[in-house]
Amino acid sequence: MAGDKGKRGSGKRGAGQGASFGTNTNAARTMRVRVKTARKRKNSSTKWLERQLNDPYVVQAKRDGYRSRAAYKLLEMDEKHKFFKKGMSIVDLGAAPGSWSQIAAKRVGSLSEKPLVVGIDYLDVEPIPGVTLIKMDFLDDEAPDALMAALGGKKPDFVMSDMAAPTTGHRQTDHIRTLHLCEVALDFALQNLNEGGDFLAKVFRGGAEQGLLDGLKKNFKKVHHIKPPASRKESPELYVLAKGFKG
Ligand SMILES: C[S@@+](CC[C@H](N)C(=O)[O-])C[C@H]1O[C@@H](n2cnc3c(N)ncnc32)[C@H](O)[C@@H]1O
């Protein structure tokens with residue numbers, strides 16, 4: 001898997017800190033909001049809006065100053081598996097709108113003068129203190145060098161990827177595209193991670209495919225599949241966490 005440059009590009013775009021959400025969920029739970037249908041709005045948009053307005057994680061993210069509800073997935077996973085440590089350097093793949101980078105910067109104590117966190121996305125991300133942001137497609141051949149240059153050549157201790165390909169509505173296609181992103185992310189991790197480092201990536205239900213799983217098991221001491229409570233039950237998303245890069 002490592003060194004397989006051909007992987008990059010082939011799936012191209014066609015494709016706060018704090019404890020787990022825990023009891024805060026209750027704090028955020030308010031009266032259910034109903035959204036009336038409007039002539040110019042599609043039914044699916046009305047449903048999406050209603051879901052957002054009634055999602056306690058969305059409400060809590062606003063209160064906690066996180067840019068998205070995805071923050072709680074990372075916080076919940078870290079609470080259980082304790083991957084963040086002060087001073088470590090981190091690569092955040094698929095960083096927009098930025099909640100994982102927000103958390104990472106705080107957890108590792110990254111300062112704007114000497115950032116320890118670098119995030120990449122082809123979408124714009126509003127500046128985050130302590131985070132270097134790169135606007136680029138991670139599948140571009142230049143992306144790995146750009147990420148490593150942003151870390152000043154220092155090897156990352158943790159590579160995390162929340163990248164997801166835009167959904168097509170066709171489950172199998174979505175699964176394959178997101179799996180491809182995960183494979184390229186792992187490829188990057190295998191070539192650049194510090195020995196002992198960790199890798200976290202989003203996959204879809206069914207977990208990692210055998211080839212990917214073999215690559216993870218061969219190169220890391222422990223591999224976990226995680227479905228954090230903040231990940232919607234109806235969503236096929238799942239995360240693989242590989243700890244202890246053998247180098
Ligand atoms: C679920 S969002 C990430 C949310 C983020 N973890 C947060 O907490 O704010 C997935 C992101 O992956 C990005 N993405 C998908 N494919 C990408 C690629 N090839 N290169 C860079 N970013 C990509 C998308 O643009 C999107 O912003």
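Colleague: Just after helix 4, which residue takes a positive phi?

Modeller: This is a predicted model, so keep that in mind as we look around. Just after helix 4, one residue has a positive phi of about 50°. Most residues other than glycine have a negative phi. The one here is not a glycine, and yet its phi is positive: Lys82.

Colleague: Is Lys82 buried or exposed?

Modeller: Lys82 is found in the loop between helix 4 and strand 1. Count the other C-beta atoms within 10 Å of Lys82 and you get 9. A residue with 12 or fewer counts as exposed. So Lys82 is exposed.

Colleague: Back to helix 4 itself: what span does it reach from its first C-alpha to its last?

Modeller: Helix 4 covers residues 70-81, which is twelve residues. At 1.5 Å a residue, the expected figure is 16 Å. The model comes close to that, with helix 4 reaching 17 Å.

Colleague: Which elements help cover the buried residues of helix 4?

Modeller: The buried residues of helix 4 are Ala70, Ala71, Tyr72, Lys73, Leu74, Leu75, Glu76 and Met77. Their cover includes two helices and two strands. Those are helix 3 (56-64), helix 5 (99-108), strand 6 (220-226) and strand 7 (237-245).

Colleague: How do helix 4 and helix 5 pack: what word describes the angle?

Modeller: Their axes are 8 Å apart, and the angle is about 40°. Angles under 35 degrees would count as roughly parallel, and 65 to 115 as roughly perpendicular. This angle fits neither, so helix 4 is, relative to helix 5, oblique.

Colleague: And how many residues of the contact of helix 4 with helix 5 are nonpolar?

Modeller: Helix 4 brings Ala70, Ala71, Leu74 and Leu75, while helix 5 brings Ser99, Trp100 and Ile103. Of the residues in this contact, one is polar and none is charged. The nonpolar ones number six.

Colleague: Which residues are closest to the ligand?

Modeller: The ligand has 23 residues around it. Helix 4, helix 5 and strand 2 (117-121) each supply at least two residues of that shell. By type, the shell divides into 15 nonpolar, four polar and four charged. The closest are Gly94, Ala96, Ser99, Phe138 and Asp162.

Colleague: Where is the cis peptide bond that has omega near 0°?

Modeller: Most peptide bonds are trans. This one is cis, and it leads into a proline that sits in the loop between strand 1 (90-93) and helix 5. The bond runs from Ala96 to Pro97.

Colleague: Is Ser231 buried or exposed?

Modeller: Ser231 sits in the loop between strand 6 and strand 7. Leaving aside neighbours within four places in sequence, Ser231 is in contact with Lys73 and Glu237. There are 21 other C-beta atoms within 10 Å of Ser231, and 20 or more is the cut-off. So Ser231 is buried.

Colleague: What about Lys246: which residues does it touch, not counting those up to four places away in sequence?

Modeller: Lys246 lies in the segment after strand 7. With 11 other C-beta atoms within 10 Å, Lys246 is exposed. Even so, Lys246 has partners from elsewhere in the chain: Asn219, Phe220 and Lys221.

Colleague: Zooming out, what percentage of the protein do buried residues make up?

Modeller: The protein has eight helices and seven strands. Its residues number 247. Of these, the buried ones make up 38%.

Methods:
Residues are numbered from 1 along each chain as its sequence is written. This is a predicted model: local features need pLDDT of at least 70, side-chain atom pairs count only at pLDDT 80 or more; totals for chains, interfaces and linings use all residues. Helices (H or I, at least four residues) and strands (E, at least two) are DSSP runs, numbered from the N terminus. The expected span of a helix is 1.5 Å times one less than its number of residues. Two residues are in contact if their C-beta atoms, placed from the backbone, lie within 7 Å. A residue is near a molecule or strand if its C-beta atom, placed from the backbone, lies within 6 Å of it. Ala, Val, Leu, Ile, Met, Phe, Trp, Tyr, Cys and Pro count as nonpolar, Asp, Glu, Lys and Arg as charged, and the others, Gly among them, as polar. Axes are lines fitted to C-alpha atoms, for helices over the stretch in contact, and angles run from 0 to 180 degrees between N-to-C directions. Angles under 35 degrees count as roughly parallel, over 145 as roughly antiparallel, 65 to 115 as roughly perpendicular and the rest as oblique.
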